[in-house]
Amino acid sequence: MEITTMNAYVITEQKKRGVPLVKPVAGLIAVLILAGCGTIKPEPLSQDEITARVNRDRAEMYRGQEALSGPMTLSDAMARALKYNLDYRLKMMETALSRSLLDVSQQDMLPKLMADAGYRWRNNDSGGTSVGIDDGLVSLRPSTSEEREHYLSSATFSWDLLDFGMSYFRAKQQADEVNIAEERRRKVLQNIVQEVRDAYWRALGAQRLLDETQPLAEQIAQALDKTREAEQAGILPPIEGLEYQRALLDAMTLLNQKRQQMELAKSELTALINLPPGTPLVLQDTPTPLAPAPTNIDKLEQMALERRPELREEDYKTRIDSYETKRQIASLFPSLNLFAGLNYDSNDYLYNNDWIEGGVGVSMNLFKLLSIPAISNASDARAQTDDARRMALSMAVLTQVRVATERYKLASYDFQIAEQSAQVDQRLASISRAGSDNSLTSDLETLRTQARSIVSRFQEASSYAEAQAAYGRVLNSVGIDLLPDQVAKTDVASLSRQIATSLRQQESSVFARTAGISVEKHPIAIQITRVPSGVSRGAVEQSVGRVIEANHLSLEPSPNSLNLQMSFSTGASSGTRKGVWTMRVKDATGAEVLTRQYTSYLPNETSTRSITALAEAATLSITSDLQRLAGAPPVLTATP
């Protein structure tokens, strides 16, 4: 009885020894946690931090860019967009991130080697006693097999077959995620190329015409002042004066609208190629002809279904879903775990302080077998959804190809009309200027025709830019890439050459003839042989040259230049004086390839101004012939 009482007392004392420390420690931990939670407060960024971030970002946006050298071509602009566009940089970083995640997924397939080391301490001895089950008597005195302070270390190698399978399929899925990121990068690049092409041609049209717009705007402003003065002085009737003011204001409004539309294009282009705002930008003025519209639509549709990044992305998503099904099926198999390890414990009470252990284990969740029908149904539903989504996207792609082709036909037709309208308005302006008698009404009418001529030329440049944009949309709908598979050098000049070569090769598979060939194969040389006395021959030649350049023909001297000879003579018909410009075009061999005459009424006073204006009108009358002889393609037509 005494032994039993003593044993009970010992057991009770053993149970009580650690109790007093639990509550104080728990209370201390709770107090620390609550104190830490109450000390966090919102701290807004200071103005200095915001300013430093802005300055750092502005410097980083334009860091390391090659300086502009000379006029920029379309391929130069595309090269700079490829190298410096921030949206494209972001997609490149996302692709690199996907590749890094793939490396991480591949590491998950490796076996595990866990190294563990530690130190243990307690304030009393660890141990216990044994109590009989039947009688409850203590059979052993209290004892311990662990030191109060000791060190432990271990290294365990383990490999789980089920984990390996899961990691394998996850790595395969991540590999296709890399492919998806690559296709999205291709799509972003194709869209940037499309935007660069659109902005480039609009900016080039603005560059050609803005220098002519400002002097005309100043002349219209002066004419408005003169009209108001004439109205107030009674020289013009009020209604006529107001009508002229209304006409001039309408011309000024339309001129400003066209000018603003074209001016914005240069800002868009500088943003796309990531140039700092305000950087002087000169574009190379080398127009390119519009290729005939594609006719083999079936071939283009096949190319689009094979090349479009969106459809390739859907293919990779389908493969990812198939790997997901395989992963779910693999998770049903038993888990086979192999392990082996080295262990060390500094506990002196142990008989062996270091030992090697190993083993094998098999486990399986049998209830997961019940999910086989659900996995099968989900796999079928996923496959059907993928097919339906891909079919819908394929139909959208085919529609885009046909719509882009039709838009290109219509845009080419619109450019033809705009080109002819511009030539007609230029001739009207020249004839109006030639017949001007320096009166107020005559000057106002001349300004109106000149303003309409400039607006028509803006419309021609805008129509040409729209046609080039439609051309790019055809390429984009097919999925044409900007670069070849391998790039030798990455400086802007080398990239520009590689882009130009790659685009010509790939565009030839879409269009019968690739744009990119210069419009003028034969420059024009001007020779004024005869003009009335008192008329400046140089002024006439300079004016004719401006007309030729305005209609996309070159005046640069060349051994194969076409020689345009112009001579002026006067005549009379029904008592009216008429001026006749005789124009002869000779090729490089001296053979005459074109002869034309242009006849017009002469004003009473023959001056350099009137003769120059008639020379412009005469030159405009043979512009189409000059373009044909110079090597430009025939004007495109379409059935709207």
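Is valine 397 buried or exposed? At 1% relative accessibility, valine 397 is buried. The legends below take this residue and several other sites of the predicted model in turn.

**Figure 1. Overview of the predicted chain.**
The chain holds 15 helices and 10 strands. It has 640 residues, and 40% of them count as buried. Among contacts with a separation of 6 or more, 78% join residues 24 or more positions apart. The salt bridges number 26. Close-ups of some of them follow.

**Figure 2. Valine 397 and its contacts.**
Valine 397 sits in helix H10. Its relative accessibility is 1%, under the 20% limit, so valine 397 counts as buried. Which residues touch valine 397, leaving aside its neighbours within four places in sequence? They are Ala304, Arg308, Leu311 and Ser477. Take leucine 311 from this set. Leucine 311 and valine 397 are 86 residues apart along the chain, yet their C-alpha atoms are separated by 8.7 Å.

**Figure 3. A salt bridge between helices H10 and H9.**
Arginine 389 and glutamate 314 join their side chains in a salt bridge, with 2.7 Å from N to O. The pair links distant parts of the chain. Arginine 389 belongs to helix H10 (residues 372–434), and glutamate 314 to helix H9 (residues 309–330). The two residues are 75 residues apart. How do the two partners stand in accessibility? Arginine 389 has a relative accessible area of 33% and is therefore partly exposed. Glutamate 314 has 6% relative accessibility, so this residue counts as buried. Both residues also take part in a network of salt bridges. Its members are Arg184, Glu313, Glu314, Lys317, Asp386 and Arg389.

**Figure 4. A salt bridge between helices H12 and H6.**
Glutamate 507 pairs with arginine 197. The closest N and O atoms of this salt bridge are 3.6 Å apart. Glutamate 507 lies in helix H12 (residues 492–507), and arginine 197 in helix H6 (residues 161–233). Along the chain they are 310 residues apart, and the salt bridge links distant parts of it. Are the partners buried or exposed? Glutamate 507 is buried, because its relative accessibility is 4%. Arginine 197 is buried as well, at 5% relative accessibility.

**Figure 5. A salt bridge within helix H6.**
The side chains of arginine 228 and aspartate 225 form a salt bridge, at 3.3 Å from N to O. Both residues belong to helix H6. They are three residues apart, so about one helical turn separates them. Arginine 228 is partly exposed, with a relative accessible area of 33%. Aspartate 225 is partly exposed too, at 43% relative accessibility.

**Figure 6. Helix H4 against helix H6.**
Two packed helices are described by the angle between their axes and the distance between the axes. Here the axes of helix H4 (residues 74–84) and H6 come within 10 Å. They cross at roughly 140°. That angle makes H4 oblique to H6. The crossing of H4 past H6 is right-handed. Which residues make the contact? From H4 come Leu74, Ala77, Met78, Ala81 and Leu82. From H6 come Leu189, Ile192, Val193, Val196, Arg197, Tyr200 and Trp201. By class, this contact has 11 nonpolar residues, no polar residues and one charged residue. Arg197 of this contact is also the salt-bridge partner of glutamate 507.

**Figure 7. Helix H6 against helix H9.**
The axes of H6 and H9 come within 9 Å. Their crossing angle is roughly 170°. At that angle H6 is roughly antiparallel to H9, because angles over 145 degrees count as such. What is the make-up of the contact by class? It has nine nonpolar, three polar and 16 charged residues.

**Figure 8. Asparagine 274 in a loop.**
Asparagine 274 lies in the loop between helix H7 (238–272) and helix H8 (297–307). Its phi is positive, at about 60°, although the residue is not a glycine. Is asparagine 274 buried or exposed? Its relative accessible area is 5%, so asparagine 274 is buried.

How values were computed:
Residues numbered from 1 in each chain as written. Predicted model: local features only at pLDDT ≥ 70, side-chain atom pairs only at ≥ 80, totals over all residues. Heavy atoms only, no water. Salt bridge = Lys/Arg side-chain N within 4 Å of Asp/Glu carboxyl O. Helix = DSSP H or I, 4+ residues; strand = E, 2+ residues; numbered from the N terminus. Buried < 20%, exposed > 50% of the residue type's maximum accessible area, 1.4 Å probe, protein only. Axes fitted to C-alpha atoms, helices over the stretch in contact; angles between N-to-C directions. Parallel < 35°, antiparallel > 145°, perpendicular 65-115°, else oblique. Left-handed = near helix turned anticlockwise from the far one by under 90°. Contact = heavy atoms within 4.5 Å. Nonpolar A, V, L, I, M, F, W, Y, C, P; charged D, E, K, R; others polar.
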